[in-house]
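Visitor: Could you walk me through this one? I'd like to hear about charge pairs.

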Amino acid sequence: MRVLTQPPAVPRPTNVFAGPYVDRVAHLRKDAAFVQAAARSEQARIVAVHDSRLLLRRGAEGWSPVFLEARHAERLALPPEELVLLGRDDERVYFAAEFTDPGPLQAVIDDGPLHFEDLRVAGGVLPANEAGMLAYARAMLHWRSRHRFCGACGSATRGGSAGHVLKCSSAACGIDHFPRLDPAIIVLITDGERALLGRQAAWPAGRYSTIAGFVEPGESLEDAVVREVLEETGVHVTDCEYHSSQPWPFPSSLMIGFTARAAADAVPRADEELEDVRWFTREDIANGAVGVPPPLSVSFRLVEHWFDAGSDIPLAQVPGVLHWGARR
């Protein structure tokens, strides 16, 4: 492998689950007439979720999402207040709904077996706009399922703003609860020629990933990068630079990707969260000596960015790379 002296510019395409895949029509969420008319439209569709899994169909060409016609909502005993407005894409308006009992769905869909699948399995092979829509639906319904009662007084909450607000039902309290995200940094540390990756004990042998952790209250993103890397690896980093971000609805994170530099003589050590942490060269990755994260993750994008900046062969074109889940 030839190492380039002047690395090429690295393009940054949109991460999986991100992008302007839908017009969220946020200004219309409080417009009851619009929401009701949209839900009755023949063009309206519902993203069905059951136990945090999405309704998909697997055919000869792979996974594809199954969007229910909203006109079936009454037949499926789906109350209007349980529909969460996602937005508008071309002529269609999309909603999300949780199905505690998915059995009746087969009665309104008669063109093949259906499956509720983990989005981590199929997200990377779906068209970008469909993957984003399903991730959006999953995140919204997870939030609603965890906020059925007011965190301030314990009273039941009621939906508002087309599912984007949960309001405390107590007249004495009446707090509005809004969707929340958990910001987490994820960082690729390099000394130039090597990348620092770690692994958890629960992972299958050979799997490594970039360093990640949640941002704490009163902490900037850059401070979180420095703290998490030092805590988990014992390495001091500098030159922290933002790379890209990714909605990660497993269950409700926003992954904020960075790159950072470490001294060439830095000696890493694992902490109680990691079983092992070590330096890997581009040759190690190209030869499949380490299993790198799946391409749908921003973690992989960080590794790819570093790899491509010092190789004449892009990581995506290297045949020997081992991804998580692939067989040796």
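**Salt bridges**

Guide: The structure holds twelve salt bridges, each a side-chain nitrogen of Lys or Arg within 4 Å of a carboxyl oxygen of Asp or Glu. Bear in mind that this is a predicted model, where local features need pLDDT of at least 70, side-chain atom pairs count only at pLDDT 80 or more, and totals for chains, interfaces and linings use all residues. Residues are numbered from 1 along each chain as its sequence is written, and side-chain values use heavy atoms, with hydrogens and water left out.

Visitor: Is Arg-227 buried or exposed?

Guide: Arg-227 forms a salt bridge with Glu-216 (3.6 Å, N to O). Buried means under 20% relative accessible area, exposed over 50%, and partly exposed in between (1.4 Å probe, protein chains only). Glu-216, at 41%, is partly exposed. Arg-227 has 16% relative accessibility, so the verdict is buried.

Visitor: Which parts does the pair of Arg-227 and Glu-216 tie together?

Guide: Helices here are DSSP runs (H or I, at least four residues), as are strands (E, at least two), numbered from the N terminus. Arg-227 lies in helix 4 (residues 221–233), and Glu-216 is in a loop, so the pair ties together parts eleven residues apart in sequence: helix 4 and the loop between strand 13 (211–214) and helix 4.

Visitor: Which residues are linked with Arg-227 in a network of salt bridges?

Guide: Side chains of opposite charge can pair when their charged atoms come close. Here the pair with Glu-216 belongs to a network. Linked with Arg-227 in it are Glu-216, Glu-219, Glu-228 and Glu-231.
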